[in-house]
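Hi,

Here is the model I promised to pass on. Have a look at it first, and my notes follow underneath.

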Amino acid sequence: MEIKNQYLNDLLVKVTKRNAGENEFLQAVKEVFESLVPVVEKRPELISSGVIERLVEPERFIQFRVAWTDDKNQVQVNRGFRVQYNGAIGPYKGGLRLHPSVCSSVIKFLGFEQVFKNSLTGLPMGGGKGGSDFDPKGKSDMEVMRFCQSFMTELCKHIGPDTDVPAGDIGVGGREIGFMFGQYKRLRNEFTGVLTGKGLTYGGSLARTQATGYGLCYFVNNMLAAKNTSFKGKTVVISGSGNVAIYAAEKAIQLGAKVVSVSDSAGYIYDKNGINVGVVQQIKEVERGRIKEYATRVPGSVYTEGNGVWSIPCDIALPCATQNELNGDDAALLIKNGVKFVAEGANMPSTPEAVEAFLANDVFFGPAKAANAGGVATSGLEMSQNSQRLSWTFEEVDAKLEGIMKAIFDNSTKAAAEYTNNADNLVAGANIAGFLKVANTMIAQGVL
Ligand code: NDP
């Protein structure tokens with residue numbers, strides 16, 4: 001038996017059959033089921049109400065064709081997705097990803113995770129996710145615009161400020177959100193907070209750009225404080241060089257750490273003197289270039305092809321690129337080199353073998369659902385500001401973000417202590433705390 005509970009094990013077999021081949025989705029479901037073993041043992045009504053069977057099945061899964069013309073006047077066809085996973089506690093909320101690897105399994109795993117993450121933030125948001133296999137890399141601004149307009153022409157039939165509010169994710173930043181917002185506004189003749197991550201001149205929130213990376217470091221700060229230490233003087237290894245990685249690096253440095261790496265899908269930079277975030281921003285945010293250019297601009301830094309970023313010795317590792325980017329061998333190397341804290345900026349970046357190795361070797365581990373929830377939490381704050389037609393200051397939003405990350409840490413620790421007798425098991429704690437609020441609400445709302 002894979003899961004140490006007959007009911008959950010049988011259900012996993014059913015889910016595996018029904019979603020055959022959707023490996024990322026099944027990986028995410030299995031991890032949550034493992035955490036739920038002590039919960040269903042304590043509360044049998046969770047079984048009789050069918051709440052877990054209902055939770056693993058998305059409320060709605062939309063797939064559509066996205067046709068657009070490239071700069072050579074050739075017609076291109078991509079596949080668009082939106083999963084409205086669970087709306088028990090609020091409108092669906094979750095990002096849009098543009099990356100060639102996007103498929104139904106990736107969208108469903110991200111949507112499933114989002115349900116628990118959004119619940120953990122304490123804000124009234126259900127879980128959703130979407131995107132396309134469109135690759136923005138190497139495309140002109142006009143091509144990206146035509147794609148986004150075509151994508152939104154279909155997506156707008158399914159979303160709305162009280163129904164489903166998408167945001168950014170891999171490949172979707174301010175430029176893409178702007179094009180999509182413009183098209184929604186034109187089609188609906190409505191100026192509403194239908195997307196978050198908007199520009200500051202049309203309803204965006206200060207600190208939203210920084211929120212996932214900053215929130216990750218606030219979460220790690222709580223982990224460090226629980227062990228009577230801090231970021232001061234620690235060496236930090238970060239993967240990725242996109243939105244999450246850049247602002248995680250910026251905050252970790254502000255809090256006194258030395259960040260020695262960033263990466264992209266082609267290779268990684270090791271800068272023993274400490275990463276210069278301004279240079280990374282110039283390359284990635286302004287020039288949309290490749291991270292290897294960093295080594296040509298910063299003396300003393302070294303670029304290496306491939307995904308060897310986890311071979312760099314560090315105290316704290318923050319995977320901030322993509323799913324399954326840190327495997328069991330990487331974890332073993334990090335542990336051998338003395339890592340003490342790992343927290344996930346990306347969604348599900350550590351494979352199950354890596355997570356198992358961290359938990360077994362006394363590495364304090366912050367799972368994505370909890371550690372990277374600052375992005376969606378601040379999106380929730382953007383929705384509140386849009387509803388009130390108000391703009392809060394950077395400091396106000398940042399202070400709320402810090403408070404939310406502390407509450408997520410405290411609630412995860414509390415649930416872990418109550419159900420597993422190990423307050424440090426944040427994987428179980430985050431899954432259980434996120435699950436209970438949604439499950440109790442679904443029971444209260446009847447069989448839907
Ligand atoms: P960006 O598109 O800004 O950056 C993504 C980074 O990850 C780039 O450096 C990219 O390199 C790298 N990357 C992407 N795919 C791969 C891959 N298959 N292999 C290796 N590297 C890869 O995305 P974000 O920073 O927004 O997102 C990063 C992660 O954080 C994702 O898992 C996302 O779901 C998660 N996240 C993001 C939030 C947000 O607010 N943006 C909120 C919560 C979670 P390259 O340029 O070579 O592709």
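Let me start with the term I lean on most: a salt bridge here is a side-chain nitrogen of Lys or Arg within 4 Å of a carboxyl oxygen of Asp or Glu. Keep in mind that this is a predicted model, so local features need pLDDT of at least 70 and side-chain atom pairs count only at pLDDT 80 or more, while totals for chains, interfaces and linings use all residues. Residues are numbered from 1 along each chain as its sequence is written, and side-chain values use heavy atoms, with hydrogens and water left out.

**Salt bridges**

The count by that rule is 22 salt bridges. One of them pairs aspartate 71 with arginine 146, at 2.7 Å from N to O. It ties together distant parts of the chain, 75 residues apart: aspartate 71 is in the loop between strand E1 (60-69) and strand E2 (75-86), and arginine 146 is in helix H6 (residues 141-155). (Helices, H or I with at least four residues, and strands, E with at least two, are DSSP runs numbered from the N terminus.) Both ends are partly exposed, aspartate 71 with a relative accessible area of 45% and arginine 146 with 24%. For that scale, buried means under 20% relative accessible area, exposed means over 50%, and partly exposed is in between, with a 1.4 Å probe and protein chains only.

Another pair is arginine 175 with glutamate 176, whose closest N and O atoms are 2.9 Å apart. Arginine 175 counts as buried at 17%, and glutamate 176 is buried too, at 2%.

Then there is lysine 198 with glutamate 382, where the closest N and O atoms are 2.8 Å apart. This one also links distant parts of the chain, with lysine 198 in the loop between helix H7 (174-188) and H8, glutamate 382 in helix H15 (residues 374-388), and 184 residues separating them. Lysine 198 and glutamate 382 are both buried. Elsewhere, Glu2, Lys30 and Glu34 are joined into one network by salt bridges that share partners.

**A buried charge without a partner**

Which side chain of opposite charge is nearest to aspartate 330? It is lysine 336, 12 Å away, and aspartate 330 has no salt bridge even though it is buried. (For charge, Lys and Arg count as positive and Asp and Glu as negative; His and the chain ends are not counted.) Aspartate 330 sits in helix H12 (residues 328-336). Leaving out residues up to four places away in sequence, aspartate 330 touches Trp310 and Glu325, where contact means heavy atoms within 4.5 Å.

**Helix H8**

H8 covers residues 208-226, which makes 19 residues, and spans 27 Å from its first C-alpha to its last, close to the 27 Å expected at 1.5 Å a residue. That expected span is 1.5 Å times one less than the number of residues. H8 has a kink of about 30°, centred on tyrosine 214; the bend at a residue is the angle between axes fitted to the seven residues ending there and the seven starting there. Since 15 of its 19 residues are buried, H8 is largely enclosed by the rest of the structure. After H8 comes asparagine 228, which has a positive phi near 55°.

**Cysteines**

How many disulfides does a search of the whole structure find? Zero, taking a disulfide as a pair of cysteine sulfur atoms within 2.5 Å. For cysteine 103, the nearest cysteine sulfur is that of cysteine 148, 20 Å away. Cysteine 148 in turn has its closest cysteine sulfur in cysteine 156, at 14 Å, which is too far for a bond. Cysteine 103 is partly exposed at 30%, whereas cysteine 148 is buried at 0%.

**Two buried positions to look at**

Valine 115 is in helix H5 (residues 104-120) and is buried, with a relative accessible area of 3%. Beyond its neighbours within four places in sequence, valine 115 is in contact with Leu55, Tyr85, Asn86, Gly127 and Val438.

Serine 263 belongs to strand E7 (residues 258-263) and is buried at 7%. Its contacts, again without residues up to four places away, are Ile238, Ser239, Gly240, Ser241, Tyr268 and Ile291. From serine 263 to leucine 55 the separation is 208 residues in sequence and 35 Å in space, C-alpha to C-alpha.

Cheers
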